[in-house]
Amino acid sequence: METVSENRCFGGTQGVYTHTSSACACDMTFGLFLPEAAEDGPVPVLWYLSGLTCTHENAMTKAGAQAWAAEEGIALIFPDTSPRGEGVADDEAYDLGQGAGFYVNATKAPWSAHFKMWDYMAEELPKLVFENFAIDPERQGITGHSMGGHGALTLAMNLPGRFRSVSAFAPIANPTESDWGRKQLGAYLGDDTAKWAAHDATLLMRKKGFDGPVLVDQGSDDQFFDLLKPAALSEAIATRGQEATVRMQKGYDHSYFFVSTFMEDHVAFHADALYAE
């Protein structure tokens with residue numbers, strides 16, 4: 001692991017680091033904010049997964065999360081959204097290939113050589129950060145925006161006991177029934193739709209649910225509303241009786257203006273769970 005940059009930030013340190021990933025077979029970059037509290041010992045952590053076209057940088061610079069995380073004494077991790085670099089498969093469309101990993105392990109060529117984002121997020125990157133930074137692996141929460149909200153919800157429900165809390169901003173909630181999902185899951189995993197189910201938050205909510213609190217915010221004026229399918233997830237939550245808060249935010253769109261507006265709420269939500277005895 002190499003340090004790209006480290007900057008003082010709200011009393012703590014905002015770092016950017018790069019490392020060679022065995023899962024993705026390329027160099028990967030991530031951002032990590034460590035609050036001042038980490039100087040005294042391991043702190044809880046909130047993972048933030050970004051959406052289509054994003055890198056580790058978008059949320060790190062636009063979401064305003066560090067101020068609230070510093071107050072709560074929580075670390076923040078901002079992974080990249082896909083493998084990158086020379087020799088890594090890509091597509092001319094913005095919603096497939098580099099910047100659009102969808103947090104799955106691709107099994108179809110040409111994606112299968114590098115696009116192992118599930119293994120990277122579930123195993124490799126956590127191991128790396130827990131070995132190198134003052135972060136408590138027993139106190140993890142996860143959140144994300146759009147494609148990252150999809151990733152946060154599916155990781156949380158597929159890894160029971162890993163995360164104490166999960167939240168999402170305008171998640172791709174039902175990808176098996178959306179053009180934002182069917183295209184990518186078909187490309188990465190093939191035509192057998194049974195293999196897609198493990199990566200659909202609505203289907204997972206119906207089948208498994210989450211063993212902790214859930215918070216979802218969705219803008220009513222989101223330009224991608226029909227692709228996100230929020231109603232399907234809300235119905236699954238209600239049918240299951242899941243401990244969850246789902247909020248429709250009037251007038252908000254899909255941008256980081258929306259995300260940053262409600263970031264304080266999400267960090268506080270996770271802090272309640274991460275510091276609960």
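## The enclosed space

By the rule used here, one cavity of 30 Å³ or more turns up in this structure, which is a predicted model. About 30 Å³ of space lies in that largest cavity. Two elements give two or more residues to its lining: helix H3 (117-132) and strand E6 (135-144). H3 gives the most, with three residues.

If you would like to select the lining of the largest cavity in your viewer, pick Trp47, Met121, Ala122, Pro126, Gln140, Ile142, Arg162 and Phe163. By class, these are six nonpolar residues, one polar and one charged. As background, rolling a probe the size of a water molecule over the atoms shows where empty space is left.

## The largest pocket and Ser146

The largest pocket has a volume of about 170 Å³. Its lining is made up of Gly51, Leu52, Thr53, Cys54, Tyr94, His145, Ser146, Trp180, Phe224, His254, Ser255 and Tyr256. How do the residues of this lining divide by class? There are six nonpolar and six polar residues, and no charged ones.

Ser146, one of the lining residues of the pocket, is a good place to look around. Ser146 sits in the loop between E6 and helix H4 (147-158). Is Ser146 buried or exposed? Ser146 counts as buried because its relative accessibility is 3%, and the cut-off for buried is under 20%. Leaving aside neighbours within four places in sequence, Ser146 is in contact with Gly51, Phe169, Ala170, Pro171, Ile172, Trp180, Leu228 and His254. Gly51, Trp180 and His254 also appear in the lining of the largest pocket.

## Helix H5

Helix H5 spans residues 179-189, and its buried residues are Trp180, Gly181, Gln184, Leu185, Gly186, Tyr188 and Leu189. An α-helix has 3.6 residues a turn, so residues three or four places apart point the same way. The buried residues of H5 pack against helix H7 (225-228).

Both ends of H5 have something to show. At the start, a side-chain oxygen of Ser178 comes to within 3.0 Å of the backbone nitrogen of Trp180. Just after the helix, Gly190 has a positive phi of about 95°.

## Salt bridges

How many salt bridges does a search of the whole structure find? The search finds eight. Side chains of opposite charge can pair when their charged atoms come close. One of the pairs is Glu39 with Arg8, at 3.9 Å from N to O. This pair links distant parts of the chain, 31 residues apart: Glu39 is in the loop between strand E3 (26-34) and strand E4 (43-49), while Arg8 is in strand E1 (residues 2-9). Both Glu39 and Arg8 are exposed.

Lys183 of helix H5 brings in another pair. Lys183 forms a salt bridge with Asp95, and their closest N and O atoms are 2.6 Å apart. Here again distant parts of the chain are linked, with Lys183 in H5 and Asp95 in the loop between strand E5 (75-79) and H3, 88 residues apart. Lys183 counts as partly exposed at 36% relative accessibility, whereas Asp95 counts as buried at 9%. Arg84 and Asp80 also meet through their side chains, at 2.7 Å from N to O. In this pair Arg84 is partly exposed, with 25% relative accessibility, and Asp80 is buried, with a relative accessible area of 5%. Finally, Asp217, Arg247 and Asp265 are linked in a network of salt bridges.

## Backbone points to check

Most residues other than glycine have a negative phi, and most peptide bonds are trans. With that in mind, which residues does a cis peptide bond join? The bond runs between Ala109 and Pro110, with omega at about 0°. Pro110 belongs to the loop between E5 and H3.

Phe102 is placed in the loop between E5 and H3 too. Phe102 has a positive phi of about 60° although it is not a glycine, and at 0% relative accessibility Phe102 counts as buried. Ala25 also has a positive phi, about 55°, without being a glycine. Ala25 lies in the loop between strand E2 (12-21) and E3, and counts as partly exposed at 44% relative accessibility.

Terms used:
Residues numbered from 1 in each chain as written. Predicted model: local features only at pLDDT ≥ 70, side-chain atom pairs only at ≥ 80, totals over all residues. Heavy atoms only, no water. 1 Å grid on protein atoms, 1.4 Å probe; cavity = no way out; pocket = protein on both sides within 12 Å on 5 of 7 lines; lining within 4 Å. Points joined across faces, edges and corners; volume = space filled by probe spheres on them. Nonpolar A, V, L, I, M, F, W, Y, C, P; charged D, E, K, R; others polar. Helix = DSSP H or I, 4+ residues; strand = E, 2+ residues; numbered from the N terminus. Buried < 20%, exposed > 50% of the residue type's maximum accessible area, 1.4 Å probe, protein only. Contact = heavy atoms within 4.5 Å. Polar contact = N/O pair within 3.5 Å; in protein donor to acceptor, adjacent residues only side chain to side chain. Salt bridge = Lys/Arg side-chain N within 4 Å of Asp/Glu carboxyl O.
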